[in-house]
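Colleague: Please pick one part of this model and take me through it closely, with the cut-offs stated as you go. Then place that part against the rest of the chain.

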Amino acid sequence: MLLILLIWMALLEEAVKINMGREEKTNLITDDAEEADQKEEVQNVAVLAEETCTDIADSADSLIRVLLMDTGYQSYYHQKVSVICGSEEVTYTTASPELSGGMLIFPEQQNGITITSIERQQGNPAYRGCLEVRNTDQGLLLINELPLETYLESVVPSEMPSSYEMEALKAQAVCARTYAYYQIEKGTLKKYNADVDDSVRFQVYGNTAPCDSTTNAVRETRGQVLCQNGELIQAYYFSTSAGVTSTDEIWGAAQAASYLNSVPCEFDQEQPWSLWTVSIPWRTLEDRCTDYIKDTYNDEETTESVRCALKTVEITRKNQSGAVTGLHVAADTGSFDLTEEYSVREFLSPSGCTITEKDGTVVQGGTLLPSAYFTMKASPGESILIYGKGYGHGVGMSQTAASEMAEQGYDYKEILDYFFRNVEILSKNSTDN
C-alpha cells in the first residue's frame, strides 16, 4: 500500500508540473500576442504619420485640399499651431518632437477641429474633414482636406449672402464648384500638397457657419459644373457690376476666353456699390510712389535718400468694357506704369479713407479700390477724387445682379447662361470619362 501511495503522489506531482507548464506557456503566448498587438498598433500609427488625409479618408466624394493661411492672410507658413481636437488643446512648433517625422494628422471630429492660433472674422475657425500639419524649413503648413461638396457648404455663404434668392445661391454654388474643380486640375498649389488656399486669391473659405439656404443650394446642384466643349471653364464671379461685365483681358490675357464675353448688366444698377466716390490724400500716394521706386532699386544707400514728390497720376488705358488697365505715375525722382487691373486698384487703395456709396452710406476703404471702373480728378498737393462704379474685378457673374434676376423669375441655369457664353451644365462625373 505504501508503494502504491508513493507512486500515486509522484504521478500527481508530475501532473501538477505539466499543468503549471501548460499555464505558463499559455501566459507566455498571451503576453507575446499582447506585445505583438501593441507593436502593430505603434507600427500603424507610424505608418499613419507618413500617410495623407486622402489615404485615410472614408468618403466616396471628391476631396479638396485647402491650404490654411495665417491670421490676416499674410503667409502660408505658421510658426506655431494650436489645435483643439476633441476636448484637448495641443500646441506645436517646428521643433516639436511629434513633428520629427514631418507630419501629423488630426482625423475628422464630430464638432470640427478648431485652430486657436488662427483668427478669422468670426473668431477661431473650426474645420470639418481632417487636418494635416506639415513641418517645413519655413514653418508649419496646415492643410484641411474634406469632401468638395462639404467644402462648398462653407464657401457659398462666405462668398454670397445667405439671404439672396435661392436661384442666385444655386448659380453661385455651380460657379464655386466649377472654380474648385478647375483649380484642382490646374494644380496651382501642388508644391504645397494643396489645391486651393482659403483666401480671396481662390475662394473665401472662412468660418462662416453653413446656412440652410446655402447648404440646400449646394445639395440641389450637387456635382453640377460649367463646361465648354466638355472642358471646365474659369467660372469667375464678383459682387456688383459697373453696368457691364469685363473679360479676363484685364489680367493680361492676349485674347478674352470665348465664354467670358463682356455683357451689359443693368440688373444691379440700383445697388449701393453701383456708384461710389472716394478721396485719396496726395501725401498717401506720394508714400506709395516712394515705396514703389525704392523697391525698384537694389542699392540700399540710394533708396535711403529717395523721397518722391508726386507730379501726376494719369489713366493711360482702359479695356473694351471700360476698366482701367493702365496708370502712369510720375514723380521728381522717376516715373512708372501700372499695367494690370489689380496693381492699379492696389496703388489707389482707399485704406484709411472713407467711401461714399450711391445711397449715401459711408464705409471704410480696404486694401483695394472697389473696382477698376473709375474716372478721377486730381488736385496736386491735396488729393485725388475718384468716381467709381461697381465692386470687384467685374469678370463673369455679378452676384447682386444674379439675386435681382432671381427675384424677376430667372432660374439658376438662365442666370449662368446670361453671364457665360456657349456653356453647358454637366455633371462632374460625366466630365471625368
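Modeller: A polar contact here is a pair of N or O atoms within 3.5 Å; within protein, one must be able to donate a hydrogen and the other to accept it, and residues adjacent in sequence count only if both atoms are side-chain atoms. This is a predicted model, in which local features need pLDDT of at least 70 and side-chain atom pairs pLDDT 80 or more, while totals for chains, interfaces and linings use all residues. Residues are numbered from 1 along each chain as its sequence is written, and side-chain values use heavy atoms, without hydrogens and water.

The part I pick is asparagine 144. Its side chain makes a polar contact with the side chain of tyrosine 205, at 2.7 Å. Asparagine 144 sits in strand 8, residues 140-147 (strands are DSSP runs of E of at least two residues, helices runs of H or I of at least four, both numbered from the N terminus). With a relative accessibility of 1%, asparagine 144 counts as buried (buried is under 20% relative accessible area, exposed over 50%, partly exposed in between, with a 1.4 Å probe and protein chains only).

Contact, meaning heavy atoms within 4.5 Å, gives the surroundings. Apart from neighbours within four places in sequence, asparagine 144 touches Ile64, Arg65, Val66 and Leu68, then Tyr127, Arg128, Gly129, Cys130 and Leu131, and finally Tyr205.

Leu131 leads on to strand 7. In that strand, leucine 131 is the bridge partner of phenylalanine 106. Strand 7 (residues 130-135) and strand 4 pair in the antiparallel sense over four bridges, where pairing requires that DSSP finds at least two bridges between two strands. Strand 4, residues 103-106, is covered on both faces: Met103 and Ile105 are buried on one side, Leu104 and Phe106 on the other. Strand 7 also holds arginine 134, which is buried at 17% relative accessibility. The side chain of arginine 134 has a polar contact of 3.0 Å with the side chain of glutamate 132.

Strand 1 (63-68) spans the numbers of Ile64, Arg65, Val66 and Leu68, and a loop joins strand 1 to strand 2 (80-85), with tyrosine 73 in that loop. Tyrosine 73 is not a glycine, yet its phi is positive, about 55°. Its relative accessibility of 31% makes tyrosine 73 partly exposed. A second case is asparagine 193, also a residue other than glycine, with a positive phi near 60°. Asparagine 193 lies in the loop between helix 4 and strand 9 (196-197), and at 36% relative accessibility it is partly exposed.

Helix 4 brings in a sheet elsewhere in the chain. This open sheet has three strands in the order 11-10-22, with antiparallel pairing. Strand 11 (231-232) and strand 22 (424-427) are at the edges with a single partner strand each, so one side of each has no neighbour in the sheet. Strand 10 (residues 224-228) pairs with strand 11 over two bridges, and cysteine 227 stands opposite leucine 232 in strand 11. Helix 4 (residues 166-186) packs on this sheet, touching strand 10 and strand 11, and its direction makes about 65° with that of strand 10 (axes are lines fitted to C-alpha atoms, for helices over the stretch in contact, and angles run from 0 to 180 degrees between N-to-C directions).

Another open sheet has five strands, ordered 18-17-13-20-19, again with antiparallel pairing. Its edges are strand 18 (362-364) and strand 19 (373-379); each has a single partner strand, so one side of each is left without a neighbour in the sheet. On average, neighbouring strands of this sheet are turned by 25° against each other, direction ignored. Strand 19 and strand 20 (residues 383-389) are joined by seven bridges, with threonine 375 partnered by tyrosine 387 in strand 20. Helix 6 (residues 282-296) lies across strand 13 (276-281), strand 19 and strand 20, at about 70° to strand 13.

For the chain as a whole, there are eleven helices and 22 strands. Of its 433 residues, 45% count as buried. Among contacts with a separation of 6 or more, 66% involve residues 24 or more positions apart.
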